[in-house]
Amino acid sequence: MWQKRLGDLAQARAFQGRLEEFGLVELLQAMSLDGKSGALHLNADSGGSGIVYFDQGAIVGAQEQARDALTLGAVLQQLQFASEQQMDYVFHLQTQDALGKRIGERLVELNIINEQQLERALRTQALWTIRELAIWSKGDYAFHSGERMPADVLAPRTETTTAIMEALRYRHEWDALEYVLPDGMRTHLSMASEPPIDHPLQFHPVAWRIISQVNKKRTVRRIATALRMPELDVARMVGPLVREGLLIPSRAENVPRGTEAGARIDLGHFDLFSLLISMEQTWIKCKTAPDKLVALARFINDTMDALAESYRMNNVTLSPDTLASILEREGIYGIGEYAFVIDNNRIAVDDFAAFCRKSFEVSGRGDTSANPMFADYRLQLQRALEIAFHAINARVTSPAERVQNQEAWEALFLTFSQ
Amino acid sequence: MVDNNLGDVRERAHGTRTLVEPAPFFMDAEGESPPVMVIDDSPAVRSVVEISLKRVGIPAVAFEGGLPALAALSDGVLAPPRVLLLDIGMPKMDGYEVARVFRTNRALTDVRIIMLSGHDGILDRARAKLVGASDFIAKPFRAAELVRRVCVALGMVEVSWE
């Protein structure tokens, strides 16, 4: 009966519904059974939302879309792989050169953590995020088949059974905690104005360390991160302190942003959509193969110009070798035998245009769509543009906006390919 | 249900198999049709407009051409929108032709039409006005400006990008 129910779920044409009917644990089982690839979107009635990404039934990423969502930095500190000072230093580097490397890569490069620790932290981040999403009992779910994750969300592949076991274990713990920590790890804690009159005021050393970290602005998650303890361990200790009347949980609003959020440049001024529309209009007007290829190179420059302007609005200077470094990281140095001339985040378009004209004079002109060389060059330039978009998009704070941005530029690339 | 003068359109739409299959996600939470419809053959424009409007809480439904959009209206899959963003240069049925159908159909006459066009000449604007468009947005446009104009057409007072 149980298997049949899951089978029905997996085969449902419209894979969407209510979490009251199927919770995340059941949905994970269905994904695994069906070997699905795509993104499972969850929206809690209480306002939270999250996404779990799958590749052939295995979990490859998970994110909660909330201001206090679990970050890689928090996990690294809670697992005692990195200290607050080290993370602050890396965030500072990230702000100065936000497109160069991801935080995890930078930590490895600085020998603060090794590859294995990074992998474990990424897997832990995904598992802990999923266990939080799994306690939502009221809300909607919808599976978007084939939807790819933003590049920065990628976690090591995790079998769904591991996530299911973790979610079930957490749910069991949650039964005892939900009445004292209404927002889970995002519950804010404050001290009671005075202790209960009959309280002995004798504390376990860990409990005392927790109390010492409490102020109105801190969540359980932030306290755990500051103490470099797994947040569930801290929550277990906080539970009795709340019940005894020493700590008061609250769903405070106006939470100050953590350092990790600050590591993302405010890209509110980066008008991607207007840029995309402008590119499309330019593309439509290009008739010949060289014109189109040069237009693509210009789009890359326009993107970098817009990004540099956004940085200026944040009082940060974009590193002049940003474009060169992100292309180099992806192994893109040019197209065909031509090596891009890049200076201060701009491809030298005149030089590139001369190369294009010469190439197509030699190869013969005619219909661009039928010219294999054009198709090959176009794809390489499009790939470079995509990399620039990805690098920028990874710095957008909202995961939902990142997914939408990706949808929009993929739509533009459809026009390029027509 | 849009009932009159659409038989020909319906036949053309179904005949050319361009009808977009109706799906429940066209409806908002109250089960009503989105207030904004976008008809544009450009995937990028459709995507950008839909997402930009969604970010300020305005549901929109997009079609790649006039025929499938009119078929969805004539079949009762969708109620008439309050605002139509209509591209002029489209294959099979251009924006002027679609606008004329809207203006000659009783059930669609209240729809405010905003024309989108890559050509921004005086004649283009005049022709758009002649077919009943209430506004004209030249491409390339700024997403924020498009959202603002839609909000004006919807009679919304305030718009927030937050």
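## Helix packing, a parallel sheet and a chain contact

Helix H2 (residues 43–55) of chain B packs against H6(B) at an angle of about 65°, and their axes lie 10 Å apart. The model is predicted. Chain B also holds an open sheet of five strands with parallel pairing. Chain A and chain B touch, with 16 residues from chain A and 15 residues from chain B in the contact.

**Where H2(B) meets H6(B)**

- The two helices, H2(B) and H6(B), make a right-handed crossing.
- H2(B) brings Val48(B), Val49(B), Ser52(B) and Leu53(B) to the contact.
- H6(B) answers with Ala143(B), Leu146(B), Val147(B) and Val150(B).
- By class, the residues of this contact are seven nonpolar, one polar and no charged.

**The sheet of chain B**

- The strand order is E2-E1-E3-E4-E5 in chain B.
- Strand E2 (60–63) and strand E5 (135–138) of chain B are the edge strands, and each pairs on one side only.
- From one strand to the next, the twist averages 20°.
- Strands of a sheet pair through backbone hydrogen bonds, in either a parallel or an antiparallel way.
- Strand E3 (residues 83–87) and strand E4 (residues 112–117) of chain B run parallel and are joined by five bridges.
- Within that pairing, Asp87(B) has Leu116(B) in E4(B) as its bridge partner.
- E4(B) and E5(B) also run parallel, and four bridges join them.
- Ser117(B) stands opposite Ala138(B) of E5(B).

**Strand E4(B), face by face**

- Six of the six residues of E4(B) are buried, so the strand is largely enclosed by the rest of the structure.
- Both faces of E4(B) are covered.
- On one side, Arg112(B), Ile114(B) and Leu116(B) are buried.
- On the other side, Ile113(B), Met115(B) and Ser117(B) are buried.
- Two of these residues return from the pairings: Leu116(B) partners Asp87(B), and Ser117(B) faces Ala138(B).

**Helices across and between the strands**

- Helix H4 (residues 95–103) of chain B lies across strand E1 (36–39), E3 and E4 of chain B.
- H4(B) runs at about 155° to E3(B).
- E3(B), H4(B) and E4(B) form a right-handed β-α-β unit.
- A right-handed β-α-β unit is also made by E4(B), helix H5 (residues 122–130) of chain B and E5(B).
- Helix H6 (residues 143–154) of chain B lies across E1, E3, E4 and E5 of chain B.
- H6(B) runs at about 170° to E5(B).
- H6(B) therefore has two settings here: it lies across strands of the sheet, and it packs with H2(B).

**A helix pair in chain A**

- Helix H8 (residues 205–213) and helix H9 (residues 220–227) of chain A have axes that come within 10 Å and cross at roughly 115°.
- H8(A) passes H9(A) in a right-handed crossing.
- Arg209(A), Ile210(A) and Gln213(A) of H8(A) make the contact with Ile223(A), Ala226(A) and Leu227(A) of H9(A).
- The residues of this contact divide into four nonpolar, one polar and one charged.

**Where the chains touch**

- The contact draws on 16 residues of chain A and 15 residues of chain B.
- On the side of chain A, helix H12 (272–285) and helix H17 (399–417) are the elements that give two or more residues.
- H12(A) gives the largest share of that side, eight residues.
- By class, the side of chain A that touches chain B has eight nonpolar, five polar and three charged residues.

Note on methods
Residues are numbered from 1 along each chain as its sequence is written. Chains are lettered from A and ligands numbered from 1 in the order in which they are written. This is a predicted model: local features need pLDDT of at least 70, side-chain atom pairs count only at pLDDT 80 or more; totals for chains, interfaces and linings use all residues. Two residues are in contact if their C-beta atoms, placed from the backbone, lie within 7 Å. Ala, Val, Leu, Ile, Met, Phe, Trp, Tyr, Cys and Pro count as nonpolar, Asp, Glu, Lys and Arg as charged, and the others, Gly among them, as polar. Two strands pair if DSSP finds at least two bridges between them. Axes are lines fitted to C-alpha atoms, for helices over the stretch in contact, and angles run from 0 to 180 degrees between N-to-C directions. A residue is buried if 20 or more other C-beta atoms lie within 10 Å of its own, exposed if 12 or fewer, and partly exposed in between; C-beta atoms are placed from the backbone. A crossover is right-handed if, with the strands pointing away from the viewer, the path from the first strand over the helix to the second runs clockwise. A crossing is left-handed if the near helix is turned anticlockwise from the far one by less than a right angle, and right-handed if clockwise.
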